[in-house]
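Me: I would like a close look at a single part of this model. Show me how the strands are arranged and what lies against them.

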Amino acid sequence: MRQTSEGSDRIVPHGTLTKYYGSDSERSRYLRDLFDQGSVHYDAINELLSFGTGLRYRKDALKRSGLSEGMRVLDVATGTGGVARAAAKVTGERGGVVGLDPSIGMLIESRRRSPSPATQAFGEALPFRDAAFNFISMGYALRHLPDLLAAFSEYLRVLQPGGRVLILEITPPRRRLAYWMLRIYMNNIIPFLVHMGTHSGAARTMMEYYWDTTANCVPPDTILSAMTRAGFVDVKRTMTLGIFSEYSGARP
Ligand SMILES: C[S@@+](CC[C@H](N)C(=O)[O-])C[C@H]1O[C@@H](n2cnc3c(N)ncnc32)[C@H](O)[C@@H]1O
């Protein structure tokens, strides 16, 4: 069932992708298995995919949206910890970063790279008390949430008043040529190279899934509207290099 209209109680980022799973009730288990199996290859793939948006881009984006020294950060969908490590460089020793992800494979990879605390949980049901954090980040995972409104309401709940959220995501370009070039790169070239380099079917599928969810994702206005409906203020989107969207907002 796809409920993306602004008046409905749920905002689902994309419709059912039957190429990968039979029904929406199977989606979360499918995703956990996919990311568990692909986790060992994720960082190498990310280098290929990032067009220079590695740690440096993540750190700059965090600073642009208000992250500073001493803050307490929750990094939702932390994966192998790319955003969390960038955040820790900004918050320093006086602050702290907690990672969260449903995939145990991703959390193990994250742990191999950093001793920062990490929790196995879903973004839409956070196991933290109210107002526990000054800042929430989420990198390239919005498409995997089952309901944007539920997740954003949780982010608001665990943020202190004045706390900020930053969501990084890829948005396909509007111009036809740029769209097709990105499509060929993400849907054909990257999965092919990933399969050649890793010999992993899961890693290849993870990349095909990346494009299919990106291409089918609700438009930026729906994401901004979901943030506003959840209760965020100062909600905005900034773009870098024509495809990297940074959605940010604050708890009143
Ligand atoms: C593409 S990775 C992003 C990793 C990292 N944030 C980065 O910037 O490289 C997407 C992550 O979202 C996680 N994920 C999937 N469903 C989720 C959910 N409902 N809540 C939180 N994280 C989820 C996956 O397990 C995976 O680790």
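Reply: The answer below starts with the whole chain, then turns to the sheet and what packs around it.

This is a predicted model, where local features need pLDDT of at least 70 and side-chain atom pairs count only at pLDDT 80 or more, while totals for chains, interfaces and linings use all residues. Residue numbers start from 1 in each chain, as its sequence is written.

The chain holds 9 helices and 7 strands. These are DSSP runs of H or I (at least four residues) and of E (at least two), numbered from the N terminus. The C-alpha trace spans about 45 × 45 × 35 Å along its principal axes. Of the 252 residues, 40% count as buried. Buried means 20 or more other C-beta atoms within 10 Å of a residue's own, exposed 12 or fewer, and partly exposed in between, with C-beta atoms placed from the backbone.

Now the sheet. In what order do its 7 strands stand? The order is E3-E2-E1-E4-E5-E7-E6, in an open sheet with mixed pairing. Strand E3 (118–120) and strand E6 (233–240) stand at the edges. Each has a single partner strand, so one side of each has no neighbour in the sheet. From one strand to the next, the twist averages 15 degrees. Strands pair if DSSP finds at least two bridges between them.

Take two pairs. E4 and E5 pair in the parallel sense, over 6 bridges. Ser137 has Leu166 of E5 as its bridge partner. E5 is largely enclosed by the rest of the structure, because 9 of its 12 residues are buried. The other pair is E6 with strand E7 (residues 244–250), antiparallel over 6 bridges. There, Arg237 has Tyr247 of E7 as its bridge partner.

Next come the helices that pack on the strands. Helix H4 lies across strand E1 (72–76), strand E2 (96–101) and strand E4 (133–139). H4 runs at about 170 degrees to E2. Helix H6 (residues 148–158) packs on the sheet too, touching E1, E4 and strand E5 (159–170). The direction of H6 makes about 140 degrees with that of E5. Angles run from 0 to 180 degrees between N-to-C directions, and axes are lines fitted to C-alpha atoms, for helices over the stretch in contact. A contact puts two C-beta atoms, placed from the backbone, within 7 Å.

H4 has a second role in the picture. Helix H1 (27–38) and helix H4 (82–91) each supply at least two residues of the shell around the ligand. H1 also packs against helix H5 (residues 104–113), at an angle of about 35 degrees and with the axes 7 Å apart. Phe35, Asp36 and Gln37 of H1 meet Ile104, Gly105 and Met106 of H5.

Finally, look at Ala226. This residue sits in helix H9 (residues 220–230). Is Ala226 buried or exposed? Ala226 is buried, because 27 C-beta neighbours lie inside 10 Å. Leaving out residues up to four places away in sequence, Ala226 touches Ile11, Leu148, Leu149 and Phe152. Ile11 is 215 residues from Ala226 in sequence, yet their C-alpha atoms are 7.2 Å apart. Long-range contacts count across the chain as well. Among contacts with a separation of 6 or more, 68% join residues 24 or more positions apart.
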